[in-house]
Amino acid sequence: MLSTSTQRARGVDTLLSGFRLPAPIVSTGTHLTLWFLSDYAVSGQGFRVSYEALPSFSCGDPGRLLNGVQQGSSFRMGDRVHFGCSPGYTLEGHAVLTCQATPTGTASWDFPCPTAERMRSVAGR
């Protein structure tokens with residue numbers, strides 16, 4: 001039986017049985033549980049497991065927005081960070097950054113950290 005942290009949260013498990021090999025199992029979560037059970041009806045064929053820990057990619061903190069707020073504190077591939085400005089400031093750049101895979105096998109933010117610029121008052125208003 002296969003159970004990942006995401007599947008457990010949804011109450012879902014995957015049952016693999018029989019003589020055919022399953023497709024490779026890849027977990028993108030932080031936990032993966034495998035249970036091996038035998039009913040002793042098989043004449044000693046057994047099983048073989050290979051395990052490979054893939055690199056964990058992180059973009060790192062995109063930077064702090066002076067005169068603004070950052071929502072999001074996880075910086076792994078696929079995570080998003082949202083930015084907003086304090087009153088009297090306007091956002092220059094993208095309000096949402098996404099951590100993405102790069103062609104070189106690492107991860108980076110899709111855009112640079114935005115800045116918060118003071119709003120200019122218009123004379124006579």
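## Rings, core and sheet in a predicted model

User: Hello! How many aromatic pairs does this predicted model have?

Analyst: Welcome! This is a predicted model. Two rings of Phe, Tyr or Trp pair if their centres lie within 6.5 Å. By this rule, the count of aromatic pairs is one.

User: Is the pair of Phe75 and Trp109 stacked or edge-to-face?

Analyst: A pair of aromatic rings is described by the distance of the centres and the angle of the planes. For Phe75 and Trp109 the centres are 6.1 Å apart and the planes stand at 75°. Planes over 60 degrees apart count as edge-to-face. The angle of 75° therefore makes the pair edge-to-face.

User: How many residues apart in sequence are the parts that this pair ties together?

Analyst: Phe75 sits in the loop between strand 3 (68-71) and strand 4 (80-85). Trp109 belongs to strand 7 (residues 107-109). The pair therefore ties together parts whose separation in sequence is 34 residues.

User: Are Phe75 and Trp109 buried or exposed?

Analyst: The cut-off to know here is that buried means under 20% relative accessible area. Phe75 has 15%, and Trp109 has 14%. Both values are under the cut-off, so Phe75 and Trp109 count as buried.

User: Which strands each supply at least two residues of the largest nonpolar core?

Analyst: In soluble globular proteins, nonpolar side chains tend to be buried together. Here the largest nonpolar core has 11 residues, including Phe75, Trp109, Val81, Phe83, Leu97, Cys99 and Ala107. The strands that each give at least two residues to this core are strand 4, strand 6 (96-101) and strand 7.

User: Leu97 is in that core. Which aromatic residues are among its contacts, leaving aside neighbours within four places in sequence?

Analyst: With those neighbours left aside, the contacts of Leu97 include Pro62, Val81 and Pro112. The list also holds residues with aromatic rings, and these are Phe83, Trp109 and Phe111.

User: What is the order of the elements in the protein chain, from the N terminus on?

Analyst: The secondary structure of the protein chain comes to one helix and eight strands. Reading from the N terminus, a strand comes before the helix, and strands follow after it. Written out, the order is β-α-β-β-β-β-β-β-β.

User: Which strands stand at the edges of the open sheet?

Analyst: Four strands form this open sheet in the order 3-4-6-7, with antiparallel pairing. An edge strand here has a single partner strand, so one of its sides is left without a neighbour in the sheet. From one strand to the next, the twist averages 20°. The strands at the edges are strand 3 and strand 7.

User: Which residue in strand 6 stands opposite His82?

Analyst: Strand 4 and strand 6 are paired in the antiparallel sense over three bridges. In one of the matches, Arg80 has Thr98 in strand 6 as its bridge partner. Opposite His82, the residue in strand 6 is Val96.

User: Which residue in strand 7 is the bridge partner of Cys99?

Analyst: Strand 6 and strand 7 also pair in the antiparallel sense, over three bridges. Their hairpin has five residues between the strands, and Gly105 takes a positive phi near 90° there. The bridge partner of Cys99 in strand 7 is Trp109.

User: What value is phi of Asn67 near?

Analyst: Most residues other than glycine have a negative phi. Asn67, in the loop between strand 2 (32-34) and strand 3, is partly exposed at a relative accessible area of 38%. Its phi is positive although Asn67 is a residue other than glycine, and the value is near 65°.

User: What distance separates the C-alpha atoms of Leu66 and Ala116?

Analyst: Leu66 is placed in the loop between strand 2 and strand 3, and counts as exposed at 68% relative accessibility. Along the chain, Leu66 and Ala116 are 50 residues apart. In space, their C-alpha atoms are separated by 6.5 Å.

User: How far apart in space are Arg76 and Ala107, C-alpha to C-alpha?

Analyst: Arg76 is found in the loop between strand 3 and strand 4, where it counts as partly exposed at 37% relative accessibility. In sequence, 31 residues separate Arg76 and Ala107. From C-alpha to C-alpha, the distance is 8.1 Å.

Note on methods
Residues numbered from 1 in each chain as written. Predicted model: local features only at pLDDT ≥ 70, side-chain atom pairs only at ≥ 80, totals over all residues. Heavy atoms only, no water. Phe/Tyr/Trp six-rings, centres within 6.5 Å; stacked < 30°, edge-to-face > 60°. Buried < 20%, exposed > 50% of the residue type's maximum accessible area, 1.4 Å probe, protein only. Core = buried A, V, L, I, M, F, W, Y, C linked by side-chain atoms within 4.5 Å. Contact = heavy atoms within 4.5 Å. Pairing = 2+ DSSP bridges. Axes fitted to C-alpha atoms, helices over the stretch in contact; angles between N-to-C directions.
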